[in-house]
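Trainee: I have not looked at this entry before. Could you take me through it step by step?
Mentor: Certainly; let us open it and begin with one of the bound molecules.

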Amino acid sequence: MSEEKMVSLNTIDDQLIKKAADEGIETMWDRKKAMKAPCGFGEKGVCCRICGMGPCRVSPVAGKGAQKGICGATADTIVARNFARMVAAGTASHSDHARDIAHVLHMASRDGNYQVQDEKKLIALAQEWEVPTEGRDIYDVAHEVAEIALNEFGKPFGTLRFPDRAPAPRRKIWEELNIMPRAIDREIATIMHSTHMGCTSDAESLLRLSMRTSLANGWGGSMLGTELSDIVFGTSTPRMTEANLGVLEEKQVNILLHGHDPCLSEMIVAAAQDPEMIKLTEEVGAEGINLAGMCCTGNEVTMRHGVKIAGTFYQQELAVLTGAIEAVIVDVQCIFPSLAPITDCYHTKFITTSPKAKITGATHIEFNEEKALESAKVIVREAIENYKNRKQDKVFIPQSKAQAITGYSNEAVIKQLDRVVNSNIDPQGTVKPLADVIKAGVLRGAAGIVGCNNIKTKHEYSHIEIMKKLIANDVIVVTTGCAAQAAAKAGLLSKDAIKLAGKGLQAVCELVDIPPVIHLGSCVDNTRIIRLVSAVSEHLGVDNSDLPVVGVAPEWMSEKAVAIGTYVVSSGIDVFLGITPPVTGSPEFVDLLTNKIEDMTGAKFFIDENPLTLADKILERIEEKRTKLEARL
Ligand code: XCC
Ligand code: SF4
């Protein structure tokens, strides 16, 4: 197959798609074909079905068709409302995930399934929130911290706590724009209210509401997700792993962990090491239990346990097509409903576990946090017992995998940086070395390349092209989500990739002993990135928007990504999108996102579906910001 025709960068994907065709199994590529051209109104964001008088689809091109909805809403209103609702949905998803982790922290106990793994981080957070710690049982502190965290969702008065962590100039901007986020649930509810029929019609106001809600995600729900996960499950440290479907094992029980919430997957990791489970594995004649992760659950368990990465979002169906998976265990988010019919074609069990994500045709075994390990064992047992049903003639495990280092938390990054600190002169444990090399221009800048895969592009091509181009030009890359897994599969998370970097970045990687593309975790962990950036700005005494740093979502698809992009721009960092969001029906809203928002936040969105020119624009903008920074310092 010629390279352009391939669906992804990986030849193995095309082999599996062919296997699907041979076996008469439908995949997302078949459904994409059946979909034909996407709806032009939906694509431009000008379809409104917010009230029962609609749906109203207005024509973005003047003179052709209806210019206004029945209530008089213009294309600008409709586009801005739809955008705001995407931000609300994304914020809800990340934040509700965090809420579950807060509950788990609240139930943590010394002899329970969930324990405090990072006491230091807990104490630091307790002190930040003025919770007494002296002479108290660590679990009392944990429960009080969890309660405060839970109150961040619905407190009736005041604003969120984490925005206090942002650099002072940033906080000032948020205050002036009146976008300092209040309680998390409140911001989501306010958007749903304001976008109800007959409320806000002004596009700029809708953007400001979106910004405030997105900040309730980035400096609220998502940040809680990261912090509390580190406290309960441990703050990650770098570890070696392998990535791509070649990590599946021919003679072991393969369990695919897919979704986002580590509360379940952490317990599956524990259950898979349980002597009872190991014994059962021997009884069924398997050589062991092989866990493999996908999407952000995959990121969570690889960063804390080195669990291998089976693949990214778009490979979920392909993983099943290997015929070698005993169970796909899912929690929430980014799970295709099509996994039910596809797993039916094999022996594979498709097990849903969350009441928030029940899927027709799946086996639902509800995960009970109160009896977490027991619950996890029930699920793992299902997988082990299913090994004997594997149909060898249907198995095809592609022999492709790459080495990767995953699991850099900010703490781990700073620890690496400490290697170059002369402790006679400078204190350890700061971002100074990073700020120094950025300031000096040894690194031209930094990019957070994050987000999903999207069938609108050749999978992973954009992620990898952009990453390669940036590192070759001395821009260090940090990555999360499926972008991180794409990087892992392409070998960019290994030290072997240092040779692909420019001279400056090469020198930094050698000295600090890191790969040029650094795995910072799951999508909620984008908050690690905004905190790292904020730490560098504070160190240099500037605002985030003065730094040569960018966020990039080359292949985004989820509403969560829209919320992330919005909080990143609201935090003063430019965001480059490789997929056009459904806003082009409103030239006013496009202008707000790609131009006017800069007057408010110091950053804006760039949109370009060609990864090569997108990368050029990133480099150009980084140099522009360097000039600005040099003038400021
Ligand atoms: Fe989902 Fe987080 Fe996107 Fe991957 S990157 S497709 S959101 S798993 Ni978040
Ligand atoms: Fe149509 Fe207005 Fe109702 Fe939307 S809110 S469906 S534009 S009448």
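**A walk through the model**

Mentor: The shell around ligand 1 takes at least three residues from each of two domains, domain 3 (245-394) and domain 4 (407-632). Please keep in mind that this is a predicted model.

Trainee: Which residues surround ligand 1?
Mentor: Ligand 1 is surrounded by His260, Cys295, Cys296, Phe313, Cys334, Gly451, Cys452, Gly481, Cys482, Cys523, Ser558 and Lys560.

Trainee: Which helices supply at least two residues each of that shell?
Mentor: These are α12 (295-305) and α19 (481-489).

Trainee: And how does the shell around ligand 1 divide by class?
Mentor: The shell around ligand 1 has seven nonpolar, four polar and one charged residues.

Trainee: Let me step back. Into which domains is the chain divided?
Mentor: The division gives domain 1 (3-57), domain 2 (75-233), domain 3 (245-394) and domain 4 (407-632). The centres of domain 3 and domain 4, taken over C-alpha atoms, are separated by 32 Å. Their contact takes 15 residues from domain 3 and 16 residues from domain 4.

Trainee: What supplies the largest share of the side of domain 3 that touches domain 4?
Mentor: That share comes from α12, with eight residues. Both α12 and β6 (308-311) supply at least two residues of this side. By class, the side of domain 3 that touches domain 4 has seven nonpolar, six polar and two charged residues.

Trainee: Now ligand 2, please. Which residues come nearest to it?
Mentor: Of the 14 residues around ligand 2, the nearest are Cys48, Cys51, Gly54, Cys56 and Gly69. The shell around ligand 2 has 11 nonpolar, two polar and one charged residues.

Trainee: Is the peptide bond from Gly54 to Pro55 cis or trans?
Mentor: The bond from Gly54 to Pro55 is cis, and its omega is near 0 degrees. Pro55 is placed in the loop between β1 (47-48) and β2 (56-57).

Trainee: Where does Lys36 lie?
Mentor: Lys36 lies in the loop between α2 (28-35) and α3 (40-44). Phi of Lys36 is near 55 degrees, a positive value in a residue other than glycine.

Trainee: Let us change to helix packing. At what angle do α4 and α6 pack?
Mentor: Helix α4 (residues 75-107) and helix α6 (residues 138-154) pack at about 155 degrees, and their axes are 8 Å apart. The two helices, α4 and α6, are therefore roughly antiparallel to each other. Their crossing is left-handed. On the α4 side, the contact is made by Arg99, Ala102, Leu105 and His106. On the α6 side, Ala142, His143, Ala146, Glu147, Ala149, Leu150 and Phe153 take part.

Trainee: What classes do the residues of that contact of α4 with α6 fall into?
Mentor: They divide into seven nonpolar, two polar and two charged.

Trainee: And α9 with α21: at what angle do they pack?
Mentor: Helix α9 (residues 203-233) and helix α21 (residues 526-540) pack at an angle of about 110 degrees, with axes 8 Å apart. Hence α9 and α21 are roughly perpendicular to each other. The crossing of α9 and α21 is left-handed.

Trainee: Which residues make the contact there?
Mentor: Helix α9 contributes Gly218, Ser222, Met223 and Thr226, while Asn526, Thr527, Arg528 and Ile530 come from α21. By class, the contact of α9 with α21 has two nonpolar, five polar and one charged residues.

Methods: Residues numbered from 1 in each chain as written. Chains lettered and ligands numbered in written order. Predicted model: local features only at pLDDT ≥ 70, side-chain atom pairs only at ≥ 80, totals over all residues. Near = placed C-beta within 6 Å. Helix = DSSP H or I, 4+ residues; strand = E, 2+ residues; numbered from the N terminus. Nonpolar A, V, L, I, M, F, W, Y, C, P; charged D, E, K, R; others polar. Domains from an automatic or database assignment. Axes fitted to C-alpha atoms, helices over the stretch in contact; angles between N-to-C directions. Parallel < 35°, antiparallel > 145°, perpendicular 65-115°, else oblique. Left-handed = near helix turned anticlockwise from the far one by under 90°. Contact = placed C-beta atoms within 7 Å.
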